[in-house]
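Q: Hi! I have a new model open and would like to go through it with you. Could we start with the core?

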Amino acid sequence: MGQGAVGPVGVLGLAGVLGLAGAQPAGPPPLLLDPRRTVPPGGEAQSHGRDLDCWEVRKHNSSEWCRFIRSNPDCRLDGGFLNYLEGVFCTFPPRLLPLAVTLYALWLLYLFIILGVTAEKFFCPNLSAISTNLRLSHNVAGVTFLAFGNGAPDVFSAVVAFSNPRTAGLAIGAVFGAGVFVTTVVAGGIALVKPFTAASRPFLRDVIFYMLAVFLTFLVLYFGRITLGEALGYMGLYIFYVLTVVLCTWIHRWQRGDGPGAPGAWEPEMPTDAEEPESSGTNSGDYGEEYRPLLPSREPSLRILTTALSPLDWRKWRRKPWYWRLFKVLKVPVELVLLLTIPVVDPDKDDLNWKRPLNCLHIITSPLLCILTLKSGTYGLYQIQGVFPVWGLVTLVGSVLAIIIFITTSNEEPPKYHCVFAFLGFLASAMWINAAATELVNILRTLGIIFQLSNTVLGLTLLAWGNSIGDTFSDLTMARQGYPRMAFSACFGGIIFNILVGVGLGCLLQMTSSQLVVKLEPDSLLVWVLAGALGLSLVFSFVWVPAQCFQLGKAYGICLILYYLAFLCVALLTEFRVIRLSPV
C-alpha cells in the first residue's frame, strides 16, 4: 500500500483550488472503448473538426492550456468530485506544474490507502458476516464473497474505467498488468521466501481456468468487440469455476471418507487449497487482543460511542515500530470517517460487534453516504418538487429509524435483526470503494495527459501495482508464517475473479437496450504485448510446475521475477515507440 501525506480534510481544503467537477450535460455515452486513443467516435464531426485529442494540450502554448481544456469535450472527466484537469491546467500557473503533479501523486497514494483500508477492515468483515448468515460453505464463500472482498479495488477500478471510453485502456492495462504481476512477482516471491510443494489439483484447475479467461479476452481484443453473449460468457465462466471448486472439494472429501458435511462456524480460509491440507505453521499475525473484565458491566452510551470511534489501540501503539506508527497516523483520518459511516458485523465476537449508539448513528450516516457518493452526489442534491432535497429526506427518515432502534434495544445484547447492518455496511463500503476508484481513474487519466502516457501503460504499472500491493504483502506474510501453498493458490485463484467479473461486469454496465455491443479498438501494440505476456507466464507455470513434480524452489521464483522485469522493459520500450510494428 502506498503512503501519502495528504488527508481527506486537506484534500477537501484543496477542493476550492483544484475546482469541483461541475455537472456537465452529456449525451448518450459512446460504446467505443479504445485502449489507446481518447477521442470519442464522431467527435470530429460533432465539433466540426475542432475536437482534438486531449493529449494535444501539451503541444500548445502554456497560455492556451486552460482554454483548450475547457473547450474540448474530450477533456471532460465524467464523474468524480474534483476536476483534476482544470486544476492542473487552469488553477496552477504553468511554472508550478511540478508542484501540482506532486500533490496529485500524494493524493493518488492516499487513494490507494483509502481503497485498502475500506476493503480490509469494512468490506471483507461484512462479507464474512453475510456469508455466515446465508450459511454458505467455506468453498462457495471463498470463491465468491472472499474473492470479492480481496479483489474489490481491482474490480471496482475496472468497472469504473470501462464505464468511460476514454479510460478503457486503464481497465485493460490494470486487469492484465495485475495478472502478470501477481502470477510472476508474487508467486515467484513466495517460492523464494519459502520453497514448498504446490497443491496439484487446485493449481492445475486454477491455471486452466485462468488460461481460458485470458484466451477469451484475447479473442475479444482480436475481433474488437464484446457482445452481450460474450459478456455473459465471462460471468458464466466464473459461475462454472465456482461450481467446479465446490464439486472438486466434495469429491475429495468423499474419497477421504469425510463426506460433504456441512461446514462449521465461519473461518476465513482459502478454499482453493482445501483439497490438499498442509502442515500448520505458527501464525504470528497480530490481530489485537481482547481485554474483557471478569464480570460484565454496564457502560454508558457515550463511553461506548467514544470507544467505538477510536481507531487507535494504545496497547498496540506502544509496542509497534516507528514506521508502523507513521503509516497508522496516515490511516487514522480515513478510519475515523469510515467508522462513522460504515457498520461492521463481526461473527467472531460474542456481541457481533454491536455498538448501540454508533449503530444507531449508522442508520443516518450510511444511507446519506450512499446517495451523496452515487453519481458524485447528483441524486443526493436533487430536490423533490424543487423544494425539499433528497439528502434531507434520507436524513429525516434515518433519524426516525435511529430513534426507534435506540429506544427498543439495549447496549448489552444485539437485536435479532442485527444481520441487516452487515448488508448496510456492505453497501456503504462498496460506495466508498467506488467513489475512491472513480477519483483514482480520473487522476490517472490526468497524469497520463500531463506526461503523454497511454492509459494502458498507466494501468499495467501504477494502477496494477497499487491494487496488488496489499495482496503482495499478505501472500508473502502468509508464506513466511508457514502457509506457502495457501498463498500460492491465492495468486491464481483470486485473480480469476478479477478478470472475469471485472471485464464481464464492466462491459455489461456499458451496454444499453439499444446497443448490445461494446467495441474495443486495441490499436496499440502494447495491448498485444500485455495479453501475450500474461498468456506466456501462465503457460510457463503450467509446464514448469508439473515438470518439477510440483516442487517449487528458488529457481522457479528467480525465473518468474526475471520474466516480469523483461516484460516491463518490453512494455515501456513499446510505449515510447522504441519497439514498433514496421509498416507493411
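A: Happy to. The largest nonpolar core has 140 residues, and F89, Y210, F488 and I499 have the most contacts inside it. By nonpolar core I mean a set of buried Ala, Val, Leu, Ile, Met, Phe, Trp, Tyr and Cys residues joined through side-chain atoms within 4.5 Å. Buried is under 20% relative accessible area, exposed is over 50%, and partly exposed is in between (1.4 Å probe, protein chains only).

Q: Which helix gives this core its largest share?
A: Helix 6, residues 97–133, with 17 residues. Helices (H or I, at least four residues) and strands (E, at least two) are DSSP runs, numbered from the N terminus.

Q: Any second core?
A: Yes, a separate one of twelve residues, with A129, I130, V345 and I364 among them.

Q: Before I go on, what sort of model is this?
A: A predicted one: local features need pLDDT of at least 70 and side-chain atom pairs count only at pLDDT 80 or more, while totals for chains, interfaces and linings use all residues. Residues are numbered from 1 along each chain as its sequence is written, and side-chain values use heavy atoms, with hydrogens and water left out.

Q: Back to F89, what is it in contact with?
A: V57, R58, W65, C66, I69, I449 and I450, leaving aside neighbours within four places in sequence. Contact means heavy atoms within 4.5 Å.

Q: And the whole protein, how many helices and strands?
A: There are 21 helices and seven strands. Of its 584 residues, 51% count as buried. Among contacts with a separation of 6 or more, 81% are between residues 24 or more positions apart.

Q: What about the accessible surface?
A: It comes to about 27,300 Å², and carbon and sulfur atoms account for 66% of that. The areas are from the Shrake-Rupley method with a 1.4 Å probe; for residues, only the protein chains shown count as cover.

Q: Which residues make the nonpolar surface patch?
A: Y382, I384, V387, F388, L393, L396, V397, V400, L401 and I404 make a patch of about 920 Å². Patches take residues with over 30% relative accessible area and no salt bridge, joining like charges within 9 Å and nonpolar side chains (Val, Leu, Ile, Met, Phe, Trp, Tyr) within 5 Å. A salt bridge is a side-chain nitrogen of Lys or Arg within 4 Å of a carboxyl oxygen of Asp or Glu. Helix 16, residues 390–408, gives the largest share of the patch, six residues.

Q: Is V387 buried or exposed?
A: V387 is exposed, at 63% relative accessibility, and lies in the loop between strand 4 (383–384) and strand 5 (388–389).

Q: Changing topic: what is the phi of L352?
A: Positive, about 55°, although L352 is not a glycine. L352 sits in the loop between helix 14 (322–341) and helix 15 (356–373) and is partly exposed, with a relative accessible area of 30%.

Q: And R577?
A: R577 also has a positive phi, about 60°, without being a glycine. R577 is found in the segment after helix 21 (554–575) and is exposed, at 54% relative accessible area.

Q: How far is R577 from E575?
A: Their side chains are 7.6 Å apart, and R577 is the nearest of opposite charge to E575, which is buried yet has no salt bridge. For charge, Lys and Arg count as positive and Asp and Glu as negative; His and the chain ends are not counted.
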